[in-house]
2 protein chains.
Amino acid sequence: KDLNILYINAIIISHSSSDLLPTEGSEEASRHFLQEIVNILLAYMCKLFKRSTKVLDFHHPHQLKEGLEGFTLELSDQPENLEQLLVDCRDTLKYGVKTGHPRFFNQLSSGLDIIGLAGEWLTSTANTNMFTYEISPVFILMEEVVLRKMMDMLGWSNEEGDGIFCPGGTVSNLYSVLLARYHFFPEVKSRGMSAIPRLAMFTSSHSHYSIQKSAAVLGIGTENVLLVKCDERYVLSPAADAKDRGLYPFYVSATAGTTVYGAFDPLNDIADICERHGLWMHVDAAWGGGLLMSKRHRVKLQGIDRSSSVTWNPHKMMGVPLQCATLLVRKKGFLQECNQLCAEYLFQPDKHYDTSYDTGDKTIQCGRHVDVFKLWLMWKAKGMEGFESQINKCLENAEYLFDKLKNRTDFLLVFESKPEHSNVCFWYLPHSLRNLPPGCERDKKLHAVAPKIKAKMMEEGLTMIGYQPLGNKVNFFRCVFSNSATQREDVDFLLDEIVRLGHDL
Amino acid sequence: KDLNILYINAIIISHSSSDLLPTEGSEEASRHFLQEIVNILLAYMCKLFKRSTKVLDFHHPHQLKEGLEGFTLELSDQPENLEQLLVDCRDTLKYGVKTGHPRFFNQLSSGLDIIGLAGEWLTSTANTNMFTYEISPVFILMEEVVLRKMMDMLGWSNEEGDGIFCPGGTVSNLYSVLLARYHFFPEVKSRGMSAIPRLAMFTSSHSHYSIQKSAAVLGIGTENVLLVKCDERYVLSPAADAKDRGLYPFYVSATAGTTVYGAFDPLNDIADICERHGLWMHVDAAWGGGLLMSKRHRVKLQGIDRSSSVTWNPHKMMGVPLQCATLLVRKKGFLQECNQLCAEYLFQPDKHYDTSYDTGDKTIQCGRHVDVFKLWLMWKAKGMEGFESQINKCLENAEYLFDKLKNRTDFLLVFESKPEHSNVCFWYLPHSLRNLPPGCERDKKLHAVAPKIKAKMMEEGLTMIGYQPLGNKVNFFRCVFSNSATQREDVDFLLDEIVRLGHDL
């Protein structure tokens, strides 16, 4: 066995990438090299889930750029040997952030699902494109199966529904606006915006900024996105407003699970209004869509079946590795109609199989990464019930944190009501602030607390949580749970750590 | 050792995904499961490069959907055990297409680079997002390093240049139009297209259809994309034309390596015209950009340094695994200016590090997959010289095929001149057509030849090549070389196979 290891090392040390496949006789070397990579990845994975492991080993950009202990990002013209590449891989992981760590609370996407990971490894080995059935027969059909399942969960019948995997929820949201515009004004595709009225879109002031980004990209203009205040009755009066201003209202984006608060817009009320006014109703459920997998929580999305389109990112609440986002459209065949250009040189209609499976012309991309397989494999592995228990647990963690905070005087909840999703927003009050009365003076000091704690937290690297201001609220922490590795003890740890780092501020 | 295997099998057979990490005490099971997956992938990889392996095992959509020998795409509510998942993974690969096979000539992206594959496996294990420096410190800096290298190769000075990795070249091209529009009319972002003149774009009739798709998406309208005929002097007269029609010409997309012919537009001539008329010059070098790595071939892109923006997909000619595409922009900081919305709740300006490294607001996405690492690692592994020899070899294969075809009477070249890129386009003349004079009658029959051969080819699965009609040319084969595994014997095989399948048509 020792001889074998020596032999392997000899292969790795003295060889370069040109000694790997497809070079003749390099099968063994290629296997060994990839096995060494896998050993690094497996070691990383096992370490990741250990609470004694740091979440990150922070360095400033200039430090990483200067090179750390032999790790240099610079590229030379000369090839490196395989051993150096293994070192580089180890270092890349070392200086990165362990987003799967049980104490990483920083993003809506976290965790590292082993089945999903296996799915990604296979996807990259298959190295193909969601372009035509010809080169992706299995993945194209899997996409159909998975999207159908998701549409069933929205409550859409078998006669309706279409969809596509997108590179992120922002692109999904962009699709929804594109489709809505085409629905009302199909001539826009060939003639452009100058041939149609000035459009107005509606969304809540807490919706994701991608709705505005879509308006900027599509030529509608961000000023024509009318932000409806939250916690008021929704769209009606602004719709009248838009008409007064000579705008043509056509689109509403409701949010199921806002980014910061995890709030759900009242979908049925919004659907009523959209029906009455003939508006396209989109639901941005990028974050909240996962709750459809839970019998306990899906009630929060009641009315989603009445939407015209839905964004739902399995890479968020469902814990699928990045990137896995979808856009679902109720009108069958409409993605194709809206986006096709029928470039015959890419999508030959005279092929010998059913070319309706060539999905390339449904998209605004062309080539498209295979994002479906990892989700398909996870679904096989867990079933609905597996996703359900995973998601329920994340919301239980949120409730646990909420209950803890409610009873403490050194923390202040941003909302007194129970979280609807797994977001819990709060301030920490250092000792020096605890006796100040609420108001401008305290707010000014409080605004600086979260950034200071976060800076120290990243330097020490034991946990990670995000913060932000919102509206008239100064910087507060937002804790989110989407990692199935997180336990109550991690929630306890987070609060202790905030206190430890912030107590004396 | 046998006991060990039995033990491993026991773990796999009786366990389900809930027995994997993060479940307590599941480290060993998780390692074993992933190792089993890796064994499947390594076996696949080694088989892939063998000429005795089929390129594909074709089945029609309805056959795959009905389920083949126990392989079902359907998802049940119940979880499957780990053993079944391994079977599913094997089947997924079995019924897929081996795009890395030395005899796969079907797409611009082919091959399977071992180093790139290692890079993808690491990327998915790191499972993070190109959103902020906070969660992707290493990858964000690698992006900067790699993009800088690419911009150096364009000939842009250190004072200029910006860029981003995109989900495919079509999105890169969309960015270019978006940036050009914003450059001339920054008010479009907030006020929309109704506040600016009607725009006109120019591109050649052989450019990729994504230029028109961009016009459709951005609200410019496909009819305002003026297609300049190829093989004439380029843009000048149409620009005057556009003005006559009340359109505002602002953008030209030149192509460096067209999809079908691999032709290069005369960049310096186009740059002259763009300078004279103050137009944004984009170069779609998605396919041709790789030639910049070759001292022998980079001359074909002369003038690219004068462009305002460039699309360059390393996942094509450079053999990087899918997906790896870039958009490069000469004007520094312009991506940020054009696309930023400064959502403070996502991009906190009061963080403790240099937040200019938070690239999320430069994009039209938000979350963004890490596409840089595999390219960075390949660059380390091969150096410029490695890419260069890989690319030179692909073009040598194209010349070899071209030379062979020139001397045959049963094949007809679409062009008599030497290929500029690795595309070689040709017809096969079955025996029955060989004595027909060129003209309508022969064309009608010839049009049906390629689809028939392709259908048989896919059924038999020994090689794969694409075909398409173009302009007034009936269906012809397009052979492209981007796979470093392909040798001359594979080119010989392809021609023999076409003859074998088509001789009696």
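Domain bounds here come from an automatic or database domain assignment. Keep in mind that the model is predicted.

**Exercise 1. Find the domains of chain A, then work out how domain 2 and domain 3 of chain A meet.**

Step 1: Mark the bounds. The assignment splits chain A into domain 1 (2-98), domain 2 (129-369) and domain 3 (380-502).

Step 2: Place the pair. Between the C-alpha centres of domain 2 of chain A and domain 3 of chain A there are 31 Å.

Step 3: Look at the contact. On the domain 2 side of chain A, 25 residues touch 24 residues of domain 3 of chain A. Together these two domains bury about 2100 Å², with 61% of it on carbon and sulfur atoms. Within domain 2 of chain A, the residues that give up the most area to domain 3 are A:Val260, A:Tyr261 and A:Met317, together 33% of what that side buries.

Step 4: Add the polar side. You should get 11 residue pairs in polar contact between domain 2 and domain 3 of chain A. The domain 2 side that touches domain 3 of chain A is made up of 10 nonpolar, 10 polar and 5 charged residues.

**Exercise 2. Test whether A:Arg296 and A:Glu396 make a salt bridge or not.**

Step 1: Pick the cut-off, which is a Lys or Arg side-chain nitrogen within 4 Å of an Asp or Glu carboxyl oxygen.

Step 2: Check the distance. The closest N and O atoms of A:Arg296 and A:Glu396 are 3.1 Å apart, so the pair passes.

Step 3: Count across the interface. Domain 2 and domain 3 of chain A have 2 salt bridges between them.

**Exercise 3. Describe how chain A and chain B pair up.**

Step 1: Count residues. Chain A puts 157 residues in contact with 157 of chain B.

Step 2: Get the area. The two chains bury about 13700 Å² between them, 65% of it on carbon and sulfur atoms. In chain A, the most area is lost by A:Leu75, A:Tyr345 and A:Lys380, yet together they make up 6% of what that side buries.

Step 3: Tally the polar links. Chain A and chain B share 72 residue pairs in polar contact and 13 salt bridges. For instance, A:Lys65 bridges to B:Glu144, with the closest N and O atoms 2.9 Å apart.

**Exercise 4. Which residues touch the most other members of the largest nonpolar core?**

Step 1: List them. In this core of 308 residues, they are A:Phe33, A:Trp379, A:Phe426, B:Phe33, B:Trp379 and B:Phe426.

Step 2: Zoom in on one. Beyond four places in sequence, the contacts of B:Trp379 include A:Leu75 and A:Ser76 from chain A, plus B:Met150, B:Met293 and B:Phe387 from chain B.

Step 3: Look elsewhere. A separate core holds 62 residues, including A:Cys166, A:Ala180, A:Val329 and B:Cys166.

Notes. Residues numbered from 1 in each chain as written. Chains lettered and ligands numbered in written order. Predicted model: local features only at pLDDT ≥ 70, side-chain atom pairs only at ≥ 80, totals over all residues. Heavy atoms only, no water. Contact = heavy atoms within 4.5 Å. Buried area = accessible area lost by both parts, 1.4 Å probe. Polar contact = N/O pair within 3.5 Å; in protein donor to acceptor, adjacent residues only side chain to side chain. Nonpolar A, V, L, I, M, F, W, Y, C, P; charged D, E, K, R; others polar. Core = buried A, V, L, I, M, F, W, Y, C linked by side-chain atoms within 4.5 Å. Buried < 20%, exposed > 50% of the residue type's maximum accessible area, 1.4 Å probe, protein only.
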